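Please look over the sequence and the structure shown here before reading on. The report below takes up the surface, the overall architecture, the cysteines and one glycine in turn.

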Amino acid sequence: MAGDTTLSENYAFAGVYHVFDQHTDSAVPKVQFAHDDRHLLACCSLDGTISVCRLAPGPPAVLRVLRGHGGGVADFAWSLSNDVLVSASLDGTLRLWAPADGRCIRRVPDPDGAALLCCAFQPLNNNLTVVSDAAPGTPPHLSPGPLGASWVPSASPGP
């Protein structure tokens, strides 16, 4: 437990805030804190948006709502420096966002128009991995470059 606190003290839920009221009609499949920042978090929603929230100093607040996907956002990830968010959507697009101002930096459609289900930044070099609903096998890999991304086919898995 943290310090000299008991289990019940650690999970007393004192000061719990609800900051996701903007997603009342759609599921929120993911909530994630930014890297090394306990006050900045984001959540994605099947309503097609991503909310970037600040938890402290209080009261907690939604800083901005990232809009642009034409379908539900299934997943998102923070870059290592927290200056970029990547989102994978059921509309078949990946988007790179600047969470500081809410700009969509780049929109990358899936070559087959398939729903994108999950995404992650590679922790060593900020390359992206995205999994789509197109065909089973190895997911495509993306290399973001300075301000965007392009699809780079993966090697096919062996027999």
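## Surface and burial

In this predicted model, the protein exposes about 8900 Å², and carbon and sulfur atoms supply 56% of that area. Of the 159 residues of the protein, 35% count as buried.

One part of the surface is a nonpolar patch formed by Leu46, Leu90, Leu117 and Val131, which together have about 290 Å² of accessible area. Among these residues, Leu46 is placed in the loop between strands β2 (40-44) and β3 (50-54), and with a relative accessible area of 41% Leu46 is partly exposed.

## Overall architecture

The protein has one helix and 12 strands, and, when the sequence is read along its length, these elements follow the pattern α-β-β-β-β-β-β-β-β-β-β-β-β. Among the contacts between residues at least 6 apart in sequence, 36% join residues that are at least 24 apart.

## The cysteines

A disulfide is a covalent bond between the sulfur atoms of two cysteines. The structure holds zero disulfides, and the pair Cys43 and Cys53 shows how this applies to two particular residues: the closest cysteine sulfur to that of Cys43 belongs to Cys53 and lies 5.4 Å away, which is too far for a bond, because a disulfide would need the two sulfur atoms to be within 2.5 Å. Seen from the other side, Cys53 is likewise in no disulfide, and its nearest cysteine sulfur is that of Cys43, at 5.4 Å.

As for their surroundings, Cys43 has a relative accessibility of 0% and therefore counts as buried, while Cys53, at 0% relative accessibility, counts as buried too.

## A glycine between two strands

Gly102 is found in the loop that runs between strands β7 (93-98) and β8 (103-109). With a relative accessible area of 25%, Gly102 is partly exposed, because the buried class is reserved for residues under 20% and the exposed class for those over 50%.

Which residues does Gly102 touch, not counting those up to four places away in sequence? They are Arg64, Leu66 and Trp97. In the case of Leu66, the two residues are 36 apart along the chain, yet the C-alpha atoms of Gly102 and Leu66 are separated by 5.7 Å.

Note on methods. Residues numbered from 1 in each chain as written. Predicted model: local features only at pLDDT ≥ 70, side-chain atom pairs only at ≥ 80, totals over all residues. Heavy atoms only, no water. Helix = DSSP H or I, 4+ residues; strand = E, 2+ residues; numbered from the N terminus. Buried < 20%, exposed > 50% of the residue type's maximum accessible area, 1.4 Å probe, protein only. Contact = heavy atoms within 4.5 Å. Areas by Shrake-Rupley, 256 points an atom, 1.4 Å probe, with all protein chains shown as cover. Patch = residues over 30% accessible without salt bridge, like charges linked within 9 Å, V, L, I, M, F, W, Y side chains within 5 Å. Salt bridge = Lys/Arg side-chain N within 4 Å of Asp/Glu carboxyl O.
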